[in-house]
Amino acid sequence: MSPTSVNIPQAVTMGVTTLAWYALPDAVRSRPARAVLKTGLLAAGGTAWVLQRRPRSGLQSGPDVYDDVLAAVNAEPVKALGVGGAVVALTVALSVAGEKAIFAFGERRRARGARFAHALPALGLGVLGAVSALPLPGEGRSGVRSAEGG
């Protein structure tokens with residue numbers, strides 16, 4: 001992984017946004033207020049992520065993973081719609097279940113009298129979020145393996 005393939009500002013944005021998202025129940029007890037704040041956090045984090053995106057370099061000329069996906073969708077749109085719908089439904093179901101489990105974990109910690117009941121686990125999730133924003137070894141930002149990395 002070359003230093004040019006690592007976008008540190010994006011990793012920091014992902015980590016800080018994730019930390020704030022999951023630590024919010026410690027600062028704001030009102031569920032409607034958290035919903036409003038999380039909507040703003042999602043908009044701000046997403047905007048920051050996009051603004052920090054680096055343009056493709058000349059070394060990455062030619063099709064990338066997005067071009068491959070688009071070609072597959074154009075080849076079989078009905079199949080792609082079915083697969084896409086199933087992926088979205090599964091992602092939503094797993095996200096809701098995960099969010100509920102993480103919140104319940106924090107609430108159990110709070111009930112036991114733990115300080116920063118949501119913030120401490122959020123710190124770990126923020127680190128995981130930051131690491132997940134980094135490319136895998138041997139991959140560029142597009143998800144395509146580099147010629148030198150194998």
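Buried residues account for 22% of the 150 residues in the chain, going by this predicted model. The accessible surface adds up to about 10200 Å², and carbon and sulfur atoms own 71% of that. As for the fold, it's helices and loops: the chain has five helices and zero strands, so the element string, read from the N terminus, is simply α-α-α-α-α. Contacts reach across the sequence, too. Taking pairs of residues at least 6 apart, 69% of the contacts join residues at least 24 apart.

Helix α1 is a handy place to start, and its partners can be taken one by one. Spanning residues 8–27, α1 packs against α2 (residues 31–51) at an angle of about 175°, with 10 Å between the axes. Anything over 145 degrees counts as roughly antiparallel, so α1 is roughly antiparallel to α2. On the α1 side, the contact is made by Gln-10, Thr-13, Met-14, Thr-17, Ala-20, Trp-21, Leu-24 and Pro-25. Facing them in α2 are Arg-34, Leu-37, Lys-38, Leu-41, Leu-42, Gly-45, Ala-48 and Trp-49. Sorted by type, the residues of this contact come out as ten nonpolar, four polar and two charged.

Thr-17, which sits in α1, deserves a closer look. Its relative accessible area is 17%; the cut-off for buried is under 20%, so Thr-17 counts as buried. Leaving aside residues up to four places away in sequence, Thr-17 touches Leu-41 and Gly-45, and both of those appear on the α2 side of the helix contact.

Next comes α5 (119–132). The axes of α1 and α5 come within 7 Å and cross at roughly 160°, which makes this pair roughly antiparallel as well. The crossing is right-handed. From α1, the residues involved are Ala-11, Met-14, Gly-15, Thr-18, Leu-19, Tyr-22, Ala-23 and Asp-26. From α5 come Ala-119, Ala-122, Leu-123, Leu-125, Gly-126, Gly-129, Ala-130 and Ser-132. The tally for this contact is ten nonpolar, five polar and one charged.

Ala-119, a residue of α5, shows how this contact links distant parts of the sequence. With residues up to four places away left out, Ala-119 touches Leu-19, Ala-23 and Asp-26. The C-alpha atoms of Ala-119 and Ala-27 are separated by 9.2 Å, although these residues are 92 apart along the chain.

The α4 contact has another geometry to offer. Here α1 and α4 (residues 77–111) pack at an angle of about 40°, their axes being 11 Å apart. That makes α1 oblique to α4. Once again the crossing is right-handed. Trp-21, Tyr-22, Pro-25 and Asp-26 supply the α1 side, while Glu-99, Ile-102, Phe-103 and Arg-110 supply the α4 side. By type, these residues split into five nonpolar, no polar and three charged.

Several α1 residues do double duty. Trp-21 and Pro-25 meet α4 and also turn up in the contact with α2. Tyr-22 and Asp-26, likewise in the α4 contact, are listed for α5 too. Met-14 takes part in the contact with α2 and in the one with α5.

One backbone oddity remains, in the loop between α4 and α5, where Phe-116 is placed. Most residues other than glycine have a negative phi. Phe-116, however, has a positive phi, near 50°.

Conventions:
Residues are numbered from 1 along each chain as its sequence is written. This is a predicted model: local features need pLDDT of at least 70, side-chain atom pairs count only at pLDDT 80 or more; totals for chains, interfaces and linings use all residues. Side-chain values use heavy atoms; hydrogens and water are left out. Axes are lines fitted to C-alpha atoms, for helices over the stretch in contact, and angles run from 0 to 180 degrees between N-to-C directions. Helices (H or I, at least four residues) and strands (E, at least two) are DSSP runs, numbered from the N terminus. Angles under 35 degrees count as roughly parallel, over 145 as roughly antiparallel, 65 to 115 as roughly perpendicular and the rest as oblique. A crossing is left-handed if the near helix is turned anticlockwise from the far one by less than a right angle, and right-handed if clockwise. Contact means heavy atoms within 4.5 Å. Ala, Val, Leu, Ile, Met, Phe, Trp, Tyr, Cys and Pro count as nonpolar, Asp, Glu, Lys and Arg as charged, and the others, Gly among them, as polar. Buried means under 20% relative accessible area, exposed over 50%, partly exposed in between (1.4 Å probe, protein chains only). Accessible areas come from the Shrake-Rupley method with a 1.4 Å probe; for residues, only the protein chains shown count as cover.
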